[in-house]
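Got your viewer open? Let's take a walk through this model, one selection at a time.

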Amino acid sequence: MASVSLKDIIAKMKLENLTPELDIAKVKITQPDINRPALQMAGYFEHFEATRMQIIGFVEYTYMLGLPEARKKEIYTKLLSCDIPGIVFCRELQPDPLFQEMAIANKVPLLMTKKATSAFTAEIIRWLNVKLAPCISVHGVLVDVYGEGVLITGESGIGKSEAALELIKRGHRLVTDDVVEIRKVSDDTLIGTAPDITKHFIELRGIGIVDVKTLFGVSSVKDTQNIDLVIRLEDWDKDKEYDRLGLEEEYTEYLGNKIVCHNIPIRPGRNLAIICESAAVNHRQKKMGYNAAQELYTRVQNSLARRRDEEDED
């Protein structure tokens, strides 16, 4: 199961650790959801998701302060005896001494942020959704072409890395070569990243490993990219029928999400970089509502209709 360490969350969200005496090295978060324990402060603990990060905002905080001491102790005991990975106080709110003392006794880390509750909640959910998303690794090259994430796949040695290098020279950005880690962050969105080991490197047969960031500068690389289009390279087969109009989209599937896929036959002399650029721009154009194949089809239909009308008049 995917997990994120509490230390990583503290570093990413710039949180202040209010319980430095606790060892948080082994604390892991396994769910992207969070919980605001308002109902728990009122004494309702059924269906309490203790494994989530707990967020305390101004409403929960003021309710806690207004509780009688005996009720406070009762509620705090129930809440902090659960196996909670961490509690974050927003707006620089400080937990009262009893809450802090009982949290330390139950080894529940307390954290604090300057951010407003809604803003912090939205940010941590978005970040955890990416970090804890289902993930697979595929063989291919991911390049940002005119803002479109183009995943180039195909058999080893077919020319994926060479196509990516030409695209980089033409001003586009490399995300990863050889291995693409794909994460499903929503039912509509797949994000591609590079493994830490191979980040910003390209392997070119006959030359070896090339450091793209060093050779072409920081503007030639990117850490993450949505995957919008798949280009599958394959050897030319004269007996195979290839789509020459593009009226019907073909798709491939990763982690249950469908992505538009083009099968591109490879022959000597074909400029793969220009083909990839054209495919990316054409895909972007379709998203904006214009389909060149449909426009051609409409023109042909209109031309045929005019001819039939002229023949009827004759």
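## First stop: a pair in one helix

Select arginine 71 to begin: with a relative accessible area of 27%, this residue is partly exposed. Keep in mind that you are looking at a predicted model. Now add glutamate 74, which is partly exposed too, at 39%. Arginine 71 and glutamate 74 form a salt bridge, and their closest N and O atoms are 3.1 Å apart. Both sit in helix 4 (residues 69-80), and because they are 3 residues apart, about one helical turn separates them.

## Next: pairs that reach further

Side chains of opposite charge can pair when their charged atoms come close. The structure holds 15 salt bridges, so there are others to click on.

Try glutamate 60 and arginine 36, whose side chains meet in a salt bridge (3.0 Å, N to O). This one links distant parts of the chain: glutamate 60 belongs to helix 3 (residues 58-65), while arginine 36 lies in the loop between strand 4 (34-35) and helix 2 (38-41), 24 residues apart. Are these partners buried or exposed? Glutamate 60 is buried, at 4% relative accessible area, and arginine 36 is partly exposed, at 34%.

Then pick lysine 222 and aspartate 144, which meet in a salt bridge at 3.3 Å, N to O. Here the partners are 78 residues apart: lysine 222 is in the loop between helix 8 (212-216) and strand 16 (224-226), and aspartate 144 is in strand 9 (residues 141-145). Aspartate 144 is buried, with a relative accessible area of 4%. To finish this stop, select Glu69, Lys72 and Asp96, joined into one network by salt bridges that share partners.

## On to the pockets

Turn on a surface view. The largest pocket has a volume of about 770 Å³. For its centre, select Asp243, Arg244, His262, Asn263 and Ile264, the closest of its 29 lining residues. Strand 19 (257-266), helix 9 (272-287) and helix 10 (292-313) each give two or more residues to this lining. Which element gives the most? Helix 9 does, with 6 residues. By class, the lining has 11 nonpolar, 6 polar and 12 charged residues.

The second largest pocket has a volume of about 380 Å³. Among the residues lining it are Val130, Lys131, Glu181 and Arg183.

## Last stop: a nonpolar patch

Finally, select Leu245, Leu247, Leu296, Tyr297, Val300 and Leu304, which make a nonpolar surface patch of about 510 Å². Zoom in on leucine 247, in the loop between strand 17 (229-235) and strand 18 (251-254). Leucine 247 is partly exposed, at 35% relative accessible area.

Notes
Residues numbered from 1 in each chain as written. Predicted model: local features only at pLDDT ≥ 70, side-chain atom pairs only at ≥ 80, totals over all residues. Heavy atoms only, no water. Patch = residues over 30% accessible without salt bridge, like charges linked within 9 Å, V, L, I, M, F, W, Y side chains within 5 Å. Areas by Shrake-Rupley, 256 points an atom, 1.4 Å probe, with all protein chains shown as cover. Salt bridge = Lys/Arg side-chain N within 4 Å of Asp/Glu carboxyl O. Helix = DSSP H or I, 4+ residues; strand = E, 2+ residues; numbered from the N terminus. Buried < 20%, exposed > 50% of the residue type's maximum accessible area, 1.4 Å probe, protein only. 1 Å grid on protein atoms, 1.4 Å probe; cavity = no way out; pocket = protein on both sides within 12 Å on 5 of 7 lines; lining within 4 Å. Points joined across faces, edges and corners; volume = space filled by probe spheres on them. Nonpolar A, V, L, I, M, F, W, Y, C, P; charged D, E, K, R; others polar.
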